[in-house]
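Colleague: Could you take a close look at one part of this model for me, the place where two helices cross, and then walk outward from there? I'd enjoy a connected tour.

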Amino acid sequence: MTTTQRGTMKRTWSRAARMAGVAVAVLWALVPATIGAQVRMTVPPQSEPVALQGATIHTVTSGVIENGTIVLEDGVITAIGTDVDIPAGARVVDATGKHIYPGLIDAFSTVGIAEIGAVDVSNDVNELGDFNPNVRADIAVNAESRHIGTTRSAGVLTTLTTPGGGLVSGMSSALALEGWSWEEMSMQSAAALNVNWPNPNPGRFRGFGGFRFGPQEDRPSYEEQIEQLKDFFGEARAYRDAVAAGAEVRSDSRYAAMIPVFDGEIPVVVAADGAAQINDAITWAQEEGFRIVIRGGQDAIHVADRLVAEDIPVILTSTMAAPGRQYEGYDGAYSMPARLHEAGVRFAISGGSGALYSNRLPFEAGVAVAFGLPEEEALKAVTINPAQFLGLDDRIGSLEPGKQATFLITTGTPLDMTSDIEQAYIQGRELDMTDIQKFFFEKYMEKVRQQMRRVIS
Amino acid sequence: MRATLSTIAFAAVLATSAQAQQASRTQPVEGMRDNGTGYHALVGARVVTGPGQVLDEATIVIRDGLIQSVGRGTDAPAGARVWDLDGLTVYPGFIDAHADLEMDAVPEGGDIGPTHWNPQVRAWFSTTRNLADDEDRRSALRSQGFGTALVVPKEGLFRGTASVIGLGDEGVRDRVLRPDVAQAIGFQRSFELGGSYPNSAMGTIALMKQTLMDADWYMRAWEAYEASGRAFLPPETSEALAALEDAVHGSQPVVFETGSEEEYLRAHGLATEFGLTPWFRGNGLEYRLIDVLRGRTDPLIVPLDFPDAPDVGYPGAALDASLADLRHWYLAPTSPGQLAEAGVRFAITTDGLSSLNEFLPNLRIAVARGLAADDALAALTTTPASWLGIDRTHGTITEGKVANLVVSEGDLFTEEATVRDVWVQGRVYGITRPAQIDPRGSWEIASDDEWGFDAVLVLEGSLNRLRGYLDIASTGPELPGGARVDLASARAVAETGRIDARFNGEVLGYQGMALLSGSVRGDEFYGWTSLPNGADPSFRGTRTEGFEGPERGTVAMDVPDIDLPFIRPMMDYGRSSIPEQPAAVVVRNATVWTQGPEGILEGADLLIRAGTIEAVGMDLDAPGGAVEIDATGKHVTPGLIDPHIHSGVSAVNESGFAIVPEVRMGDVVTHNNIWMYRQVAGGLTTAHIKHGSANPIGGENVFVKMRWGSLPEDLKLENPPRTVKFALGENPKRRQGRYPDTRMGTQEIIRDHFMAARDYEREWQQWEETGEGLPPRRDLRMEAILDILNQELLISSHGYRADEFLALVRLAEEFGFRVQTLQHGVEAYKIASELAESNVAAVVWSDWGSFKLEAYDATLYNARILIEAGVVTSLHSDNSEIASRMNWEAGKLLRTGLTPEQALSTVTIGSARAMAIDDQVGSLEPGKDGDFVIWSGDPLSQFTRAEETWIDGRRYFSLGEDAAMRDQIAQERTQLIQAILSIEGGGGGRNVEMEGN
């Protein structure tokens, strides 16, 4: 790429930052003028203060502010309320009649590391072997993945992109879905260690709690696998203790990767769906003294008392799904969040129902509203709750001064398709809301128009 | 602590009968003749001469294999060998109407000769011609009381002919009673026979139809050849088609082996369509079809294969037990009893049991669970005898009939009885040797030996399940005293009058088992032990008390009486009946999305009469007695339509050939489909169940309505258009070793078949004009392709990419017809204008994509672009679960800028138009079917749920009824799980126990 072209690109960013969603004439002047659309452009970091005025602001943690103003500087929310000072030089955006929500968080995603389901080489989800605590999702994230734009258009601005497979799958990475490279996107490289709890009854569960791909045949028994898991963690703990004691040990990157887990810095997310699995996983975590989050949780309601008593949160992976058992109500999955809420279990909802990308996350939460969950709880389940469970709530999950300016401007709740998501900000960057799907829309609507003109003439 | 009967099963011919008469035997006798007298008198038994007919203390006289007389009294004629059967019971020998003698093993290298192109078609196979020395199987059948059987071949789809044979040890030429009386057909192919087609349930039925038609043609073709004076070359030679001649003309019965409710219904349909004379081998699920079977008179032969109880042994397991499985466990043993009560005649077979030894125990379970013993006997004797055409000679104990008898200790149907002997054609086969000693009672035994001890030995229980204990009173020098130990096993050996027992030597201070043996003579006991320390002290003893208990166990129902009302399907959420259809239904004051010219009406009414929409509008007059529904605040839409699902059929893909339009999904609809309930709960009322995508030209699809609780035929949409599945792109080319491997080849194989169909048509025309040469044969595949070319079988093509769709649309146009719909159509938007111009409808997803390479260019805006271009557009699910929430799929399109009415049209009128069923469904307009949904709010909102779903003016779903069903399911599951847990040992599937031992 020549210097001249690079200069051109640079000018493009600033335009895009000011005029998001509008065709970027400078760049697209290079291609035939008949194509009026563009593929998503990455925008530069926030360079001037911005104040959005007149919106209904859904803070999640501090209620709803009508006709409110939100101020952002250097990617961070500096003020929020009905009576706030707008800093000098701020760009003021009229958001009258609009709603502002925190960006949604998908606590269980493969965005960036999985591209096309049936094309194995396009997927980097499952590493070989049963114990891979050292693998981290973020470094494999393709920043140009088509799914990033589509996911953002649905209001999901942060994903916990998560490896799968084996017993210990690796580290989820928290990704802000904007940036030129994975390095720029990664908010936390090792956000949680993922464990796939063995399945005592293979074939019983659909496997949404873990990933369904990966070889399952010739597995050792349930008990044997738990034994293996315990043994591995025992070795890892010994390694960490030896390192802490200053003993000379041969280096082992797998055990080294787990030191933050033993130090309580990051949680262990355990994929478990069956009642027996969840119970056994909790018992194990308590013996180990880990902070544990259950992921999957199809049978969580049968373990609700214990989950409440031990204050163990759950990431549900299949709310928009059929019930797991024939006798269960047709709405067994839809109503699970409402039932857990009534039982007092803390939970998040993830977009894990078999999608390769996270754009259905809002609806996974919305369906719970149709089946009894209060709307504000559904919103928490895709914002502040996953942020808390995964140690990100100091930065995202709600609209509060000091948190990152990662939010949505909408015509209504992002959990319902009857409202539109018009604009999104990530860390103060006003995103280019184009995505590959909109690109195809623009391009092929143009084809329809051309052909209609031809027919008429 | 069980012990085995003193009478070990044995197989021995105790007396030979006279062989077939000298004058009618072909084989010369070598050496000395061995005839015996063939003259027997069975004296003193209780004789059940036939169902409901008992003679106490009767005598049966047998002469030369036949029953010479039977009557009360104990006088034996002079010269007859007398068999004292005092205390025993004699029944007519059983007849197994569907026995498997495992005689048709597949030959290595396959069948030879001009048989049939398809290795699964073995109609030429004759059980008579292949009768072999199958001593083990015959003897096993005899041990369960059988003297006669219809031997049925089991390999392939068309399996060959079944024969009635005697189960005695005569030579093969003397065993056959009626050779090759029926053709046998099964629905499960034999993998050993090979061949790739058919490999699905619908392919199987298609092959059956084609083969039956071919058999009919085969006769005519040969006749035409002969009639011409052999003026041209003859038709092909096929032993299989030749063997089917009598069957296709109804003059030879066809025995269908059916493995499920659905297979029974399919077999019945096939037999009716082709005018066959059907017999049915049932499947143990007859209790689910009692209403259908009532009044039917075709021979029905049921197995006694009862399921094990579902595992409910720990909470996690109990959580997984479905009502369907629990009910099946409880109800399957009641099936024979229910059939009898419904007046259905049936026979019972051993076929289907994993071991023949389960037969009598299961028979007793069936009796304990409601089958009258006389009905059971009829099902094993008179009924099969009449169907097999041997009732003049078999089935009862009657003067002049063949001497086939079962001699038992005890009542075979209600007690733990033992088959003593079975007589077949006047020959007796010992099954169990009679108990010759009865060691039960209390024995005082003592020893003078250094290592001996004094004890009381107690033996009790039934003779064949002996149990007992030792009370050790005083002990040897170093042993503790006064202990009791249960015998770990005990049995009595008839031949030697000896008992053998073992017990844990710990009671005597040893580590290990101690053995105890003793010879019993009257009340005297001479015994010895073998102790773990190597000592073998001897004992003497006397019986101080006899045994006073029942002679043998009776079989009684041990499961609690649970009232399980009939439901259909027999599973969770099954209905006790189809919902009522009120004469009129009026829904008041709703937001009505008509999806017709009237648009969305606020505060409007909807009136349904006799299942059909009569009016939509404001303040409608409803007839008196109309069911009034206040829908204030609710939304009402047409019932939703999904043009592409795969649930609700027994199979999806027939991939044996690349081109299979002759197979029909309509042949394999199943009502045992929980998805249907979930789908109707989500507002779906009509669906198009499609063949899979393994073939460039797949099978014919079927339209169903979600009439949950109906049988398959009643689920089908009335007067539907016919549609056929095509598939383009990755799926049809990925089958290894089968043409095509590219999109280019896919196009060409379709074109080639289009041309072949035109050739076929021309051949027929020529023959009809001239009548010369061989008559052409009807070819279902070619007929289907002709229907496609003539636009009578509408193409509904799977595919993803724009190129492949465009190619198919153009190919159809080249042949002068139109493609009805493209399905999936991930790239349909790229050819929207072309589709509009060619009048091809598009059936697409909302936002599904990227799961495979050809789905990578998916866009949510697909439907929007198509609609803008004027293409008739619908959504589809291709997924059982998504089909239950199609309103939300449509709702997603709101974000592309479609209006709400446009968005909803993609799951209502747009779908109906795409599938050419818009004259019946898809909108709320007068004259259309009364299919509608009442929603809690805006049907396109993620926050809305369906509250009621109506089909044909019948309410198939409501939240209230759903809640009531859940309560009922919870209650039944609890009762059934408790029933299993209450059975000792956690319920091993046997839901009766033997009392009195």
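**A helix crossing and its surroundings**

Modeller: Happy to! In chain B, α17(B) and α18(B) are roughly perpendicular to each other. This is a predicted model, so please read everything here in that light. The axes of α17 (residues 743-770) and α18 (residues 780-789) of chain B come within 9 Å and cross at roughly 105 degrees, and a crossing counts as roughly perpendicular from 65 to 115 degrees. On the α17(B) side, the contact is made by B:His753, B:Phe754, B:Ala756, B:Ala757, B:Tyr760 and B:Glu761. From α18(B) come B:Met782, B:Ile785, B:Leu786 and B:Leu789. Sorted by class, this contact has eight nonpolar residues, one polar and one charged.

Staying in chain B, let me turn to another helix, α6 (residues 261-274). With 14 residues at 1.5 Å a residue, α6(B) should span 20 Å, and its end C-alpha atoms are indeed 20 Å apart, which agrees. Its buried residues are B:Glu261, B:Glu262, B:Glu263, B:Tyr264, B:Arg266, B:Ala267, B:Leu270 and B:Ala271. What do they pack against? The partners are α3 (201-227), β11 (253-257), β12 (277-281) and α15 (712-715) of chain B. Right after α6(B) comes B:Gly275, with a positive phi near 65 degrees.

From chain B we can step across to chain A. Here 47 residues of chain B are in contact with 38 residues of chain A. On the chain A side, α8 (275-288), α11 (361-370) and α14 (436-456) each supply at least two residues, and α14(A) gives the largest share, eight residues. The class count for that side of chain A is 23 nonpolar, 10 polar and five charged residues.

Chain A also has an open sheet of eight strands, in the order β6-β7-β8-β9-β10-β11-β12-β13, with mixed pairing. Its edges are β6 (104-109) and β13 (347-349) of chain A; each has a single partner strand, so one side of each is left without a neighbour in the sheet. On average, and ignoring direction, neighbouring strands of this sheet are turned by 25 degrees against each other. For one pairing in detail, take β10 (residues 268-272) and β11 (residues 292-296) of chain A, which pair in the parallel sense over five bridges. Within that pairing, A:Ala271 has A:Arg295 of β11(A) as its bridge partner.

Methods: Residues numbered from 1 in each chain as written. Chains lettered and ligands numbered in written order. Predicted model: local features only at pLDDT ≥ 70, side-chain atom pairs only at ≥ 80, totals over all residues. Axes fitted to C-alpha atoms, helices over the stretch in contact; angles between N-to-C directions. Helix = DSSP H or I, 4+ residues; strand = E, 2+ residues; numbered from the N terminus. Parallel < 35°, antiparallel > 145°, perpendicular 65-115°, else oblique. Contact = placed C-beta atoms within 7 Å. Nonpolar A, V, L, I, M, F, W, Y, C, P; charged D, E, K, R; others polar. Pairing = 2+ DSSP bridges. Expected span 1.5 Å × (residues − 1). Buried ≥ 20, exposed ≤ 12 C-beta atoms within 10 Å, placed from the backbone.
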